[in-house]
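Hi,

Here is the structure I promised to pass on. Have a look at it first, and then read my notes below.

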There are 2 protein chains.
Amino acid sequence: MPRSTDSRSRMIKAAAQLFRQRGYHATAFSDVVEASGAPRGSIYFHFPGGKQELAREAVALAGDEIEQMVAEAAGHCDGPGSFVRALGDLVAARLEGSDYRSGCAISTMVLELAPQNEELSSDFEKVFERWRRALVRQFEASGIAAGRATDLANLVMSVFEGALVVSRAARRIDSFAAAIEALAEFIEHEPRRPETQSFGYATSADPSVGTRPPPSRTEQGSAQSPGVP
Amino acid sequence: MPRSTDSRSRMIKAAAQLFRQRGYHATAFSDVVEASGAPRGSIYFHFPGGKQELAREAVALAGDEIEQMVAEAAGHCDGPGSFVRALGDLVAARLEGSDYRSGCAISTMVLELAPQNEELSSDFEKVFERWRRALVRQFEASGIAAGRATDLANLVMSVFEGALVVSRAARRIDSFAAAIEALAEFIEHEPRRPETQSFGYATSADPSVGTRPPPSRTEQGSAQSPGVP
DNA sequence: TGCCAAGTATGACGTACGACCTACAAAACA
DNA sequence: TGTTTTGTAGGTCGTACGTCATACTTGGCA
C-alpha cells in the first residue's frame, strides 16, 4: 500500500477538480495526468484499483472540503438563517468564480454512478452523512430540537445540491440566490429554545456575511490571476 | 428534416431513459440501438447532428414529462403544501420503482455538459423555465403573490433536484421524504390571499394524495411486471 | 567506497470500444 | 420504368483504459 507521495496527492487534487467539472466518464486518465503533471505510468502504481480508486480518493477529499466550508460559514453567522446565507455565499462565490463549471464536488459522480457502483455509492453516502452531521450540529447548537435539526439538514443539503444544478444550466446566479434566500427566511423563523441564541463555534464572528469570501485554492477553471502555484 | 417516424421516437425514448440513469457519456449509441431495437444504420439518418441531436430530443421529451407530472400533482391536491407532497409522491414512486436509478431526467446531463455545451445548456434552461412557469402558475392560483411564487418555485425545483441526488446515493427514500415534507410544511404556512383557496386545475380531486400513483410508462429499470409494451 | 538487489517509478504499447461516415438496398413516386 | 426519397450494414479512425518490460533510486553488505 503506497503511502501518500506528492505526485499521488497532486493526482487526487487534479482528479477531484476534473470530476467536479466534467464528471467521471468525461474525465480521462490522460486529463488527470496532464493536469497534475504526473507521469502516465504512475497511475496504476499509486492507484492499483484504477480509475475507481482514484475516484474514491477524490470523493473523500470532497468530504473534507464540505466540512471545511460548513465550519467556515459557522464562523461568519449569528443564527441558523444567517448560517445558511453564509454557506450560500461561499458556494455561490465558487460557482461564479469557476464560470459555472464547479458545482458540488460529488453530485455529478453520484448521478452517473449511484447506485450501480456499490463501493462509490457507499462513499457518496458517507460524504452526505458527514455533511448532514455537520449541519445538524449547527442547528442543534442554535436551539433547534434534534429530530427537527435532522429534517432541516436534509432540506438544506437538497436545496444546495439542487440549486447548483439549476444555476449551472442557467449560467446565472439568480435562481441559486433566490432558493437560498427563501430557505434562509424559512429557517430563520424556525422555533428555537430561547437560551441558546449564541451560535456555532466562533464567538467573535464579525458580521461580514454577505461579503466576498476568500477564493478557493484549487478552483478557477483556467489560469486567471497570479495567486496560487 | 425527417419527420418523426416510429423507430426515431423509440430511439428518443430509449435514449431519454438511458441518459436519465447513466448520464450522457456512459450512454453509447449501441446501447440506444439495442434498447430501442432500432437498426444501427439509422442513427445518422434520423439524427444527422449525432449524439448531441439525440440528446436534445431527449431533453425536450423530459420537459414534457415534467409538465405532465406537475399537472397530475395539481389534480391531486387542495393547496400549495399538499401540491408539493403530491409531486413528491409521484417522484418518489418513480425513484423507488426504478431501484434508485431514475432520478431527474436531465440533471445528470446538466452536470456533465453545462455550461460547456452551449446548445444543450440552452435546452436545459428551457426545461427548467417550463417547470418554473408551471410551478408559478400553481402557486399564484392558490393566492401567493407573483414575485413570491417565483422564489418559491426556484426553491421547490432545487429541493426536488437535490433530494434526488442525495437519495440516489443513500439508496433510501428517507432523506428525500424528509426534505419534501419539511418543504411542504413551510409552504403550507405561506401567506395567501384568502379568496383563492381553491387550487389548481382539477376541482373534483379525490384525496388519494399519499397513495401510490400510476406507474410511469417507460421507466422501471428491468422487466418488472406485465403492463406496458 | 563500490556493488547488488529490492522496491519504486515510468514511457511505450495493445486491445477494445466509442462516434461517425459511406456505399448500397428498398420503397415511393412520377 | 427511371429517379428521388427513405432506410440500412459494414467499415474507418480516434481515443480510453489498462499492462508490461524496463529504468531509476535506495539501502544494506562486503
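Let me start at the DNA. The surface near DNA strand D divides into six nonpolar, seven polar and two charged residues. "Near" here is a matter of the C-beta atom, placed from the backbone, lying within 6 Å of the strand. For the classes, Ala, Val, Leu, Ile, Met, Phe, Trp, Tyr, Cys and Pro count as nonpolar, Asp, Glu, Lys and Arg as charged, and the others, Gly among them, as polar.

Before I go on, two housekeeping points. This is a predicted model, where local features need pLDDT of at least 70 and side-chain atom pairs count only at pLDDT 80 or more, while totals for chains, interfaces and linings use all residues. Residues are numbered from 1 along each chain as its sequence is written, with chains lettered from A and ligands numbered from 1 in the order in which they are written.

Back to strand D: 15 residues lie around it, and A:Ala28, A:Gly50, B:Pro39, B:Gly41 and B:Phe45 come nearest. From chain A, α2 (29-36) and α4 (50-74) each supply at least two residues of that surface. (Helices are DSSP runs of H or I with at least four residues, strands are runs of E with at least two, and both are numbered from the N terminus.)

DNA strand C is also surrounded by 15 residues, the closest being A:Pro39, A:Gly41, B:Ala28, B:Phe29 and B:Gly50. Here the elements giving two or more residues are α2 (29-36) and α4 (50-74) of chain B. By class, the surface near strand C has six nonpolar, seven polar and two charged residues.

Now the two protein chains. In chain B, 41 residues are in contact with 41 residues of chain A, contact being C-beta atoms, placed from the backbone, within 7 Å. On the chain B side, α6 (107-113), α7 (118-141), α8 (146-170) and α9 (174-188) each supply at least two residues. The largest share, 16 residues, comes from α8(B). That side of chain B has 23 nonpolar, 10 polar and eight charged residues.

How are the copies related? Chain B superposes on chain A by a rotation of 180° with 0.0 Å of shift along the axis, at an RMSD of 0.1 Å. The two copies are thus related as by a two-fold rotation axis. (The superposition is by least squares on C-alpha atoms of residues with pLDDT of at least 70 in both copies.) Both copies use the same surface, as 100% of the contact residues of chain B recur in chain A. Among the residues of chain B, B:Gly162 comes closest to the axis, with its C-alpha at 1.9 Å.

One helix pair across the interface is worth a look: the axes of α9 (residues 174-188) of chain A and α8(B) come within 8 Å and cross at roughly 95°. (Axes are lines fitted to C-alpha atoms, for helices over the stretch in contact, and angles run from 0 to 180 degrees between N-to-C directions.) α9(A) and α8(B) are therefore roughly perpendicular to each other; the scheme is under 35 degrees for roughly parallel, over 145 for roughly antiparallel, 65 to 115 for roughly perpendicular, and oblique for the rest. A:Ser175, A:Ala178, A:Ala179, A:Ala182 and A:Leu183 in α9(A) meet B:Asp151, B:Leu152, B:Asn154, B:Leu155 and B:Ser158 in α8(B). That contact has six nonpolar, three polar and one charged residues.

Within chain A, α7 (residues 118-141) and α8 (residues 146-170) pack at about 125°, with axes 8 Å apart, and are therefore oblique to each other. Their contact has residues from α7(A) including A:Phe128 and A:Trp131, and from α8(A) including A:Leu152 and A:Met157. By class it has 11 nonpolar, two polar and two charged residues.

Last, some backbone details. A cis peptide bond, with omega about 0°, joins A:Ala114 and A:Pro115, and A:Pro115 lies in the loop between α6 (107-113) and α7 of chain A. Chain B has a cis bond between B:Ala114 and B:Pro115, again with omega about 0°. In the loop between α5 (80-97) and α6 of chain A sits A:Asp99, whose phi is near 60°, a positive value in a residue other than glycine.

Cheers

How values were computed: Two residues are in contact if their C-beta atoms, placed from the backbone, lie within 7 Å.
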